[in-house]
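This report describes a single protein chain for a reader who has not seen it before. The sequence and the model come first, and the text follows.

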Amino acid sequence: MSSTSTSTSTQPTKVVDRQEAWKVFVESVSKVLQSWTALNLVLQHNWAGDETQEKKLKLQNGILNMFRTQPTVYPDELEDYFDDFFVEQLYTEVEDGSLRQVGELLTVLSREAQNGNFDRISKLVGNPNEDFVKDVLSKSVK
């Protein structure tokens, strides 16, 4: 009878401060919204009337509420939320694919923050170059 020994390497578990992770994620959501071309066009041209700026805050709060109250938020849920919000609140249809891209990016950023991986978020939040954020939005984040 032969015996085999299985060696498993254990990596130290990263302890993630939930409050810090949430704070960093909130900053990243703000940065993504600031850099979202479709949203910026609506804001610059006040397409939603006098309350356009307030509606941006409402959008951000809605996004954060989804991540705060649901165990898992999927890109398609965010895409549907964005589509409804843009049409009903901002009177705009977005057909450039960015609804899906932003949804994918935010779900990735949330997952990374929860796991204590702040590399992408740090680059996103700390980079003063708006082209960097637009580049991140234009690429697949899977």
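Serine 110 is buried in this predicted model, with a relative accessible area of 7%. That value counts as buried because the cut-off for the term is under 20% relative accessible area. Serine 110 belongs to helix H5, which covers residues 98–114. When neighbours within four places in sequence are left aside, serine 110 touches Phe25 and Phe67.

**Overall make-up**

The protein has seven helices and zero strands. Read from the N terminus, the order of its elements is therefore α-α-α-α-α-α-α. Of the 142 residues in the protein, 41% are buried. Among contacts with a separation of 6 or more, 68% join residues that are 24 or more positions apart. The exposed area of the protein is about 9,000 Å², and carbon and sulfur atoms supply 46% of that area.

**Leucine 99 and phenylalanine 85**

Helix H5 also holds leucine 99. Its relative accessibility is 7%, so leucine 99 counts as buried. Which residues does leucine 99 contact, leaving aside its neighbours within four places in sequence? They are Trp36, Glu79, Phe82, Asp83, Phe86 and Val94. For one of these residues, phenylalanine 86, the C-alpha to C-alpha distance to leucine 99 is 9.7 Å. In sequence, phenylalanine 86 and leucine 99 are 13 residues apart.

Phenylalanine 85 is part of helix H4, which spans residues 75–90. With 5% relative accessibility, phenylalanine 85 counts as buried. Its contacts, with neighbours within four places in sequence left aside, are Lys55, Lys58, Leu59 and Leu90. Phenylalanine 85 and glycine 62 are separated by 23 residues in sequence, and their C-alpha atoms lie 9.5 Å apart in space.

**Salt bridges**

How many salt bridges does a search of the whole structure find? It finds three salt bridges, and the table gives the N to O distance for each pair.

| Positive residue | Negative residue | N to O distance |
|---|---|---|
| Arginine 100 | Glutamate 79 | 3.5 Å |
| Arginine 100 | Glutamate 104 | 3.1 Å |
| Arginine 120 | Glutamate 112 | 3.0 Å |

In the salt bridge between glutamate 79 and arginine 100, the pair links distant parts of the chain. Glutamate 79 is in helix H4 and arginine 100 in helix H5, 21 residues apart. Glutamate 79 has a relative accessible area of 27% and is partly exposed. Arginine 100 is also partly exposed, with a relative accessible area of 32%.

Arginine 100 forms a salt bridge with glutamate 104 as well. These two residues both lie in helix H5. They are four residues apart, about one turn of the helix. Glutamate 104 has 14% relative accessibility, so this residue counts as buried. Glu79, Arg100 and Glu104 are thus linked in a network of salt bridges.

The salt bridge between arginine 120 and glutamate 112 pairs a partly exposed residue with a buried one. Arginine 120 has 30% relative accessibility, whereas the relative accessible area of glutamate 112 is 13%.

**A negative surface patch**

Asp76, Asp80, Asp83, Asp84, Glu88, Glu93, Glu95 and Asp96 form a negative surface patch. Why can aspartate 76 belong to a patch of this kind? Patches are made of residues with over 30% relative accessible area and no salt bridge. Aspartate 76 is partly exposed, with a relative accessible area of 40%, so its area is over the cut-off. Aspartate 76 is found in helix H4. Asp83, another residue in the patch, is among the contacts of leucine 99 described above.

Terms used: Residues numbered from 1 in each chain as written. Predicted model: local features only at pLDDT ≥ 70, side-chain atom pairs only at ≥ 80, totals over all residues. Heavy atoms only, no water. Patch = residues over 30% accessible without salt bridge, like charges linked within 9 Å, V, L, I, M, F, W, Y side chains within 5 Å. Areas by Shrake-Rupley, 256 points an atom, 1.4 Å probe, with all protein chains shown as cover. Salt bridge = Lys/Arg side-chain N within 4 Å of Asp/Glu carboxyl O. Lys, Arg positive; Asp, Glu negative; His and termini not counted. Charge placed at Lys NZ, Arg CZ, Asp CG, Glu CD. Buried < 20%, exposed > 50% of the residue type's maximum accessible area, 1.4 Å probe, protein only. Contact = heavy atoms within 4.5 Å.
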